[in-house]
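Open the model in your viewer and keep the selection panel at hand. The tour goes from core to sheet.

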Amino acid sequence: MEGAEAEERRLAASLTARYSDWVVEALDELPGSFILTDPAMPGHPIVYASRGLASLTGYPPREVLGRNARLFQGADTDRAAVAGVREAVRGQRPHQVSILNYRRDGEAHWVLLHLAPVFHASDGRVLHFLAVQVPIAPPASRRRTPPCRAARPPVVFAACREEARVEEECPCASHAGEVFVDVDKRGQDAEEPRVASEHEKEKALSTANSIFSALNRYSKLTGLVVCGKRCDSVGIPALSSSLNLSLGYSREEILGCNCRFLNGPGTSVEVLEQINQHICSEQACTVHLLNYRKGGSSFRDLLHISPIRNASGKVAFHVWVHLDEGAKYDFNGLTPEVWQLGAVGAVRVAVRSLSASGSLLRPSQ
């Protein structure tokens with residue numbers, strides 16, 4: 001009994017230590033069938049299960065906590081779909097797939113699985129994975145009864161692949177790849193895949209957004225802010241401009257540096273967090289920040305940050321436009337904010353031109 005209680009506390013701490021003691025109650029109020037898993041814990045267990053999961057799968061939340069999410073798989077679960085989910089987990093990226101899962105009573109049912117990592121907004125670490133399940137309605141022309149299986153006993157670790165077993169026995173190994181690991185070599189003759197409708201896809205995305213909103217809100221109570229995209233600016237390529245004119249840095253000194261190299265004593269942590277949140281949401285922002293020149297003197301920085309998208313619409317870079325609020329500039333009658341927007345436009349045109357020519361970020365440029 002003591003061991004079971006200790007395990008419950010360990011699973012609960014995965015949430016409460018990161019989001020606050022009230023996050024479970026907030027998640028319980030949200031509609032939909034979803035789970036949260038912790039990739040840092042051995043076995044990559046489920047640490048939260050929604051109330052809606054029971055109505056969809058027949059599994060009460062208490063029965064799935066601590067177990068791996070592969071418990072929903074069965075004889076006709078498509079191995080290719082499982083492999084796609086596993087690769088998304090290892091790549092720490094969102095993923096949507098139609099998959100044949102099984103209820104607690106052994107009945108098979110098609111669901112749209114929406115998988116999304118939950119990132120630490122400051123350092124980009126994956127804290128949890130969110131998995132939303134939306135039932136896929138059968139086509140009007142095909143309503144045959146899906147195959148059933150015999151109900152399986154609640155086994156935490158059973159008949160899994162060798163790669164998962166080896167990771168389980170090595171406590172120093174990463175456990176991220178253990179979510180939705182195919183339980184054995186079954187699933188060769190799976191039922192014809194069912195295609196999710198646009199309404200079902202939108203429902204999955206809407207549910208995930210509501211969950212991220214709750215996690216973000218309650219994570220702020222612990223000082224740890226989370227988001228659904230890798231939000232740290234560490235991995236953002238740096239396109240330098242003439243910072244050597246006003247800040248004393250040459251182009252060669254700042255290429256490859258994180259933009260935080262200008263920060264120092266008195267730089268607002270709250271403003272830096274605001275910047276991270278806007279980068280996370282792929283939105284532009286303008287902030288006032290205390291930054292430092294190469295020589296150590298401080299200045300009030302009017303900073304505008306804007307995403308630069310590539311031809312497919314994805315964010316490729318972020319442009320940071322700095323203005324020393326204590327210096328005098330000739331903006332030709334424009335406000336500093338409008339001038340910054342013009343600078344962003346010029347950079348956007350330059351980036352597209354360099355992309356077309358294939359010379360973007362070459363050392364010789």
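Which residues have the most contacts inside the largest nonpolar core? Select Tyr19, Leu27, Leu36, Leu130 and Leu215; this core has 33 residues. Remember that the model is predicted.

Now colour the elements that give two or more residues to this core: helices H1 (2–19), H2 (23–28) and H7 (198–219), with strands E1 (33–37), E2 (46–49), E3 (95–102), E4 (108–120) and E5 (126–135). H7 supplies the largest share, seven residues.

Zoom in on Leu27. Beyond its neighbours within four places in sequence, Leu27 is in contact with Phe34, Leu36, Tyr48, Ile211, Ala214 and Leu215. Apart from this core lies another, of 28 residues; Leu56, Val64, Phe72 and Val97 are among them.

Next, select strands E7 (285–292), E8 (298–309) and E9 (315–324). They form an open sheet in the order E7-E8-E9, with antiparallel pairing. E7 and E9 are the edges; each has a single partner strand, so one side of each lacks a neighbour in the sheet. From one strand to the next, the twist averages 35°. Eight bridges join E7 to E8. To see where these strands face each other, pick Tyr292, which stands opposite Ser298 in E8.

Add helix H10 (269–280). H10 packs on the sheet and touches E7, E8 and E9, its direction making about 140° with that of E7. Show the side chains of Val271, Glu273, Ile275, Asn276, Ile279 and Cys280: these are buried. The buried residues of H10 also pack against strand E6 (226–227).

Check the helix length. Twelve residues at 1.5 Å a residue should span 16 Å, and the end C-alpha atoms of H10 are 16 Å apart, which agrees. Last stop: Glu282, just after H10, has a positive phi of about 60°.

Note on methods. Residues numbered from 1 in each chain as written. Predicted model: local features only at pLDDT ≥ 70, side-chain atom pairs only at ≥ 80, totals over all residues. Heavy atoms only, no water. Core = buried A, V, L, I, M, F, W, Y, C linked by side-chain atoms within 4.5 Å. Buried < 20%, exposed > 50% of the residue type's maximum accessible area, 1.4 Å probe, protein only. Helix = DSSP H or I, 4+ residues; strand = E, 2+ residues; numbered from the N terminus. Contact = heavy atoms within 4.5 Å. Expected span 1.5 Å × (residues − 1). Pairing = 2+ DSSP bridges. Axes fitted to C-alpha atoms, helices over the stretch in contact; angles between N-to-C directions.
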